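Here are some short exercises to work through with the model open beside you. Try each task before you read its solution.

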Amino acid sequence: MLSRIYPDSYKNSPALRNVSSLVFVGEVVGMLIFGITSDYWSRKWSLMASTVLVILFAALSAGSYGANGSPTGLFAALTAYRFLMGIGIGGEYPAGSVAAAESTGELKEGHRNRWFIFFTDFIIDFGFVVAAFVPMVLVLIFGEDRLEAPWRIALGLGALPPLSLVYLRLKLQEPEEFNRERMHRFPYGLIIK
């Protein structure tokens, strides 16, 4: 959509590559940071921190603005916000997957894998489908000649799913296995290797 709204300035700027690729870089950074915090500090509060990052920077991405309406400033702000949102998204993987695995370990045998797969793999795949479908519907609603609103609304809607998880994550208890097996010392030599 941005290439249609800003045909010359977007196609000739590094934002064309950076807006999408820096989300991935942020995810990798988030996985590393939150992987450590979820093992050392807390699964619950690592999930909360990553959720807050996703909500905050999804909302800021939707409201991206360049100084004096500058497209270059808009692309720079959008790129920075998307990178920081990627850190939050990356934090969901190590903290959320491990917390889900430990929590399903408390269920009776025969039901564990079903719930773990539902709350991790299925939800992610469903999210990819929704992420492609929503912008298409927004473009159909607003029309192809008014693309400013659809791209901003689509990015802003990205804050709603994690916002719906805040209450649930506040009520989350640390899994018993985490309390038993919690890391108090890290093998720094092995980490650096």
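**Exercise 1. Find the residues that make up the nonpolar surface patch, and classify W115 and F119 by exposure.**

Step 1. Select L107, W115, F118, F119, F122, I123, F126 and V130: together they make a nonpolar surface patch of about 730 Å². Such a patch joins nonpolar side chains (Val, Leu, Ile, Met, Phe, Trp, Tyr) within 5 Å, from residues with over 30% relative accessible area and no salt bridge. Areas come from the Shrake-Rupley method with a 1.4 Å probe, and only the protein chains shown count as cover for residues.

Step 2. A word on the source: this is a predicted model, where local features need pLDDT of at least 70 and side-chain atom pairs count only at pLDDT 80 or more, while totals for chains, interfaces and linings use all residues. Residues are numbered from 1 along each chain as its sequence is written, and side-chain values use heavy atoms, leaving out hydrogens and water.

Step 3. Find W115 in helix α6; F119 has its place in helix α6 too. Helices here are DSSP runs (H or I, at least four residues), numbered from the N terminus.

Step 4. Apply the cut-offs: buried is under 20% relative accessible area, exposed is over 50%, and partly exposed is in between. W115 is partly exposed because its relative accessible area is 37%, whereas F119 counts as exposed at 51%.

**Exercise 2. Which residues form the salt bridge, and how far apart are they along the chain?**

Step 1. Use the rule: a side-chain nitrogen of Lys or Arg within 4 Å of a carboxyl oxygen of Asp or Glu. The count comes to one salt bridge.

Step 2. R169 pairs with E92, their closest N and O atoms being 2.9 Å apart. The pair links distant parts of the chain, since R169 sits in helix α8 and E92 in helix α5, 77 residues apart.

Step 3. Compare the partners: R169 is buried, at 14% relative accessibility, while E92 is partly exposed, at 22%.

**Exercise 3. Which element gives the most to the lining of the largest pocket?**

Step 1. Go to the residues closest to the pocket's centre: I123, I124, G127, P161 and P162, out of 50 lining residues.

Step 2. Look at helix α6, which gives the most, with 13 residues.

Step 3. Sort the lining by type: 34 residues are nonpolar, 10 polar and six charged.

Technical notes
1 Å grid on protein atoms, 1.4 Å probe; cavity = no way out; pocket = protein on both sides within 12 Å on 5 of 7 lines; lining within 4 Å. Helix = DSSP H or I, 4+ residues; strand = E, 2+ residues; numbered from the N terminus. Nonpolar A, V, L, I, M, F, W, Y, C, P; charged D, E, K, R; others polar. Patch = residues over 30% accessible without salt bridge, like charges linked within 9 Å, V, L, I, M, F, W, Y side chains within 5 Å. Buried < 20%, exposed > 50% of the residue type's maximum accessible area, 1.4 Å probe, protein only.
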